[in-house]
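Please look over the sequence and the structure shown below. The report that follows takes up a ligand site and then the packing inside the protein.

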Amino acid sequence: MPKSAFITGITGQDGSYLAELLLSKGYKVFGLVRRSSNTNLERISHIERDITLLQGDLLDQNSLANAIRHSQPDEIYNLAAQSFVATSWSQPELTGQFTALGVTRILEAIKTENPKIRFYQASSSEMFGSTPPPQSERTPFHPRSPYGVSKLYGHYATINYRESYDMFACSGILFNHESPRRGLEFVTRKVSNAAAQIKLGLLDKMKIGNLEAKRDWGFAGDYVRAMWMMLQADQPYDYVIATGISKSVRELVELAFKAVGLNYHDYVSVDPSLLRPAEVDYLCGDASYAEKHLGWKPAVSFE
Ligand code: NAP
Ligand code: G4F
């Protein structure tokens with residue numbers, strides 16, 4: 001009997017890579033999509049015929065329970081969230097509703113429908129916030145955005161359901177991971193897209209925010225593999241997933257412009273309106289626990 005999995009956030013960057021991975025392993029894949037006046041299936045159009053999409057929303061408890069009842073999954077991956085940190089200051093309440101309380105809603109639905117389902121929660125290195133690197137599973141949290149605060153709620157909700165109801169619930173504390181499918185508002189795609197457009201004469205200049213912030217950037221395809229591995233383990237744990245190498249936004253910009261033969265100094269300027277009310281200055285993860293217990297290692301480098 002093939003395993004089945006239910007993915008919230010299947011239309012997002014990670015959801016699309018995870019769905020591909022699970023299909024390649026013979027899973028029956030179900031995905032949650034929210035109602036929109038415009039279909040938004042660009043990232044999964046190439047696998048749409050192989051998966052089953054179910055309507056629902058993280059804001060609606062009943063729709064989550066119905067989707068679980070319909071799909072009868074062995075595993076649930078909760079990837080849906082308001083995931084853009086900058087927007088979390090302008091929409092803090094909605095971010096809390098999606099990204100924090102959405103986790104409780106799905107955990108409650110699992111508890112009611114079938115507490116044996118294995119659960120993955122998409123936690124984030126943004127929860128470490130101002131705590132200096134290297135950050136591991138033992139590092140204290142100090143989030144710096146409404147998004148980080150909401151993710152921390154979801155993280156502890158996951159641990160609490162594991163401890164209260166003996167559920168197989170894991171939290172992956174993932175550091176930044178990118179791909180050609182990354183939303184254009186995130187800095188890696190904003191920069192690579194602008195460098196390409198400038199090279200082609202379609203854009204003159206690029207405005208950027210904090211050039212000195214440092215991130216531990218990996219590849220989304222490697223990181224969804226870690227999500228799956230967590231749910232195959234004998235026991236549920238929480239894991240940091242990272243490359244252990246950190247680069248500044250300035251290094252990213254320099255590399256991207258150099259790749260198309262341009263000097264970024266001629267095209268890039270700092271726009272103070274893009275600076276955040278509170279910044280996460282320096283993230284660099286220590287994923288040695290995941291390497292030791294899951295055998296996970298990233299395959300794709302920053303470059
Ligand atoms: P993403 O591309 O922004 O995708 C977010 C997904 O959530 C989309 O499918 C979106 O659906 C869905 N969604 C948002 N609100 C929803 C709601 N109310 N009900 C149902 N679905 C909703 O994010 P990602 O980069 O793939 O990240 C996946 C998860 O990992 C997120 O939880 C993110 O916070 C977390 N995370 C990401 C990273 C990273 O570096 N990428 C690092 C750590 C943690 P629509 O298509 O309808 O908008
Ligand atoms: O690409 P970013 O917007 O990603 P951020 O804020 O690190 O969040 C991402 O990673 C988290 C994991 O740590 C996830 F949980 C979260 O869902 C998301 O996927 O910004 C990266 C850095 C920041 O320091 C930001 O201030 O780039 C800096 N930055 C400088 N100029 C900019 C810009 N970021 C964006 N998006 N746009 C700019 O113009």
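In this predicted model, a nitrogen atom of ligand 2 is 2.9 Å from a polar backbone atom of E185, and the table sets this pair beside two others that involve ligand 2.

| Ligand 2 atom | Protein partner | Distance |
|---|---|---|
| nitrogen | E185, polar backbone atom | 2.9 Å |
| oxygen | K190, N or O atom in the side chain | 2.8 Å |
| nitrogen | G209, backbone N or O atom | 2.8 Å |

Taken alone, ligand 2 exposes 710 Å², of which the protein buries 95%. The shell around ligand 2 is made up of 10 nonpolar, 6 polar and 7 charged residues, and of these 23 residues S124, S125, Y147, R276 and E279 come nearest.

Turning to the interior, the largest nonpolar core holds 47 residues, of which I7, L18, L22, Y77, Y120, M230 and I241 touch the most other members. Several elements each supply at least two residues of this core, including strand 1 (4-8), helix 1 (13-24), strand 5 (118-124) and helix 7 (220-232), and the largest share, 9 residues, comes from helix 7. Apart from this core lies another, of 22 residues, among them L54, I76, A80 and A157.

Y120 lies in strand 5 and is counted as buried because its relative accessible area is 0%, where the cut-off is under 20%. Not counting residues up to four places away in sequence, Y120 touches ten residues by name: I76, Y77, N78, L79, C170, G172, L174, M227, M230 and L231. The C-alpha atoms of Y120 and I76 are separated by 6.2 Å, although the two residues are 44 residues apart along the chain. Y77, with the same exclusion of sequence neighbours, touches residues including I7, L18, L22, Y120 and W228.

Terms used:
Residues numbered from 1 in each chain as written. Chains lettered and ligands numbered in written order. Predicted model: local features only at pLDDT ≥ 70, side-chain atom pairs only at ≥ 80, totals over all residues. Heavy atoms only, no water. Core = buried A, V, L, I, M, F, W, Y, C linked by side-chain atoms within 4.5 Å. Buried < 20%, exposed > 50% of the residue type's maximum accessible area, 1.4 Å probe, protein only. Helix = DSSP H or I, 4+ residues; strand = E, 2+ residues; numbered from the N terminus. Contact = heavy atoms within 4.5 Å. Near = heavy atom within 4 Å. Polar contact = N/O pair within 3.5 Å; in protein donor to acceptor, adjacent residues only side chain to side chain. Areas by Shrake-Rupley, 256 points an atom, 1.4 Å probe, with all protein chains shown as cover. Nonpolar A, V, L, I, M, F, W, Y, C, P; charged D, E, K, R; others polar.
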